[in-house]
Amino acid sequence: MNIRPELLRFADGKPVCTAEDWTKRRQELLDLLRREEYGFAPEKCKVTAEVTEVNPKCAGGSARLESVTLTFHAPKGDHAVPVHLFIPTDGKKHPLILLINFRPDPYDMYCPTEEIIDNGFCFAEICYKDITSDDADFSNGLAGCFDRPTDGTGWGKISLWAYAMQGVLDYLLTRPEIDAENVAVAGHSRLGKTAMWCAAQDERIRFALINGSGCGGTALEQTKHADAETYEHIHKYFHYWFCENHHKYETETVSAVLDQHMALACIAPRFACVGCAKDDWWADPWSEKLCCTAAAPAWEVQGCKGFDGDETQAEIGTFLHGGHISYHLRSGIHFFSRRDWLPYMEHIKNNLK
Ligand code: GCU
């Protein structure tokens with residue numbers, strides 16, 4: 001399949017042939033994605049943290065749960081975000097998974113908390129609405145603490161949620177219990193798009209767990225199947241997730257400028273885990289697989305295996321994990337299931353640094 005725009009070609013038409021070339025191409029792509037899709041995030045600001053409560057024995061006694069208040073000290077004010085942090089009690093360093101979730105409860109239907117801990121992870125969770133509301137109001141929460149550029153390139157909400165995840169990582173990476181070389185971010189659906197965009201920009205993150213992210217996430221726009229969500233649909237209700245410049249792509253099925261493989265590719269040479277459900281036609285599992293094949297050259301040009309899959313539609317039960325991008329397709333509907341977490345944790349454990 002001839003996917004446009006070409007990943008391994010600079011904007012000036014020159015080919016991208018080496019790992020060094022890719023480093024420059026990645027910056028070009030990030031700049032493009034900031035300008036044309038997600039918007040530029042605010043300048044980094046200082047974060048401070050306070051542990052407000054500790055439950056020394058949870059998950060059957062194998063972890064400690066800390067309630068942490070993380071404060072962003074932004075130009076127009078301070079904003080606090082609660083973080084739940086589970087730390088295994090064995091005294092060892094552990095890889096981290098940071099989940100951005102829909103609800104504030106540390107025990108939630110989208111995460112098998114105890115099983116994550118039993119698999120040897122530190123586990124941190126934030127709720128996206130504690131950062132800023134999921135609507136077009138840019139004056140509340142952390143959003144209200146910054147001026148937002150009005151030239152069409154100002155951050156959409158996805159960018160701001162991703163920015164907050166990076167601030168949370170600034171703190172978590174100071175914790176001695178966390179193995180800073182093995183950090184994963186995770187999210188589902190709109191928050192899968194967020195986790196992807198966060199990992200695309202932040203090289204401290206080794207693994208991106210991108211679940212059911214669909215349109216504006218890991219679903220290639222130009223291969224969308226009937227009934228799948230497109231940029232046009234997403235802008236109808238969720239235009240504020242993106243920057244204003246992104247509106248111009250609504251009517252283009254094949255853009256010569258932009259598609260989602262470019263965002264996924266910015267994670268290279270790190271690890272991306274793409275998870276889909278067979279009946280999630282809105283997110284479009286096949287276009288998500290095609291996005292993996294289209295992004296793979298970013299890994300190959302750096303001398304590593306990108307994706308161990310082809311352009312055919314996957315069968316239920318598929319778990320392709322022979323490359324740096326993994327892809328699985330489970331049965332069922334749009335959900336962040338235990339059956340998604342299991343392949344994600346396997347891919348991480350197979351590729352720990
Ligand atoms: C809507 C939206 C999707 C999004 C999903 C979600 O269905 O159209 O793009 O992924 O909500 O976040 O649950």
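Start with the sheet: in this predicted model, 10 strands form an open sheet with mixed pairing, and their order is 1-2-3-5-4-6-7-8-10-9. Now pick out strand 1 (46-58) and strand 9 (319-320). They stand at the edges with a single partner strand each, so one side of each has no neighbour in the sheet.

Next, select strand 4 (residues 94-101) together with strand 6 (residues 178-188). These two pair in the parallel sense, over 5 bridges. To see one of the residue pairs, click histidine 94: its bridge partner in strand 6 is isoleucine 178.

Keep those strands on screen and add helix 4, which packs on the sheet and touches strand 4, strand 6 and strand 7 (207-211). The direction of helix 4 makes about 145° with that of strand 6. Is helix 4 enclosed or open? 12 of its 12 residues are buried, so helix 4 is largely enclosed by the rest of the structure. Among the buried residues are Arg190, Lys193, Trp197 and Gln201. Try a distance check too: the 12 residues of helix 4 (residues 190-201) should span 16 Å at 1.5 Å a residue, and the end C-alpha atoms are 17 Å apart, which agrees.

Now for the core. Which residues touch the most other members of the largest nonpolar core? Select Ile97, Leu172, Leu209, Ile267 and Trp341, out of 117 residues. Then colour helix 3 (residues 157-172), which supplies the largest share of this core, 11 residues.

Last stop: zoom in on isoleucine 97. Leaving aside neighbours within four places in sequence, its contacts include Phe121, Phe123, Ala184, Leu209, Trp341 and Met345.

Note on methods. Residues numbered from 1 in each chain as written. Predicted model: local features only at pLDDT ≥ 70, side-chain atom pairs only at ≥ 80, totals over all residues. Heavy atoms only, no water. Helix = DSSP H or I, 4+ residues; strand = E, 2+ residues; numbered from the N terminus. Expected span 1.5 Å × (residues − 1). Buried < 20%, exposed > 50% of the residue type's maximum accessible area, 1.4 Å probe, protein only. Pairing = 2+ DSSP bridges. Contact = heavy atoms within 4.5 Å. Axes fitted to C-alpha atoms, helices over the stretch in contact; angles between N-to-C directions. Core = buried A, V, L, I, M, F, W, Y, C linked by side-chain atoms within 4.5 Å.
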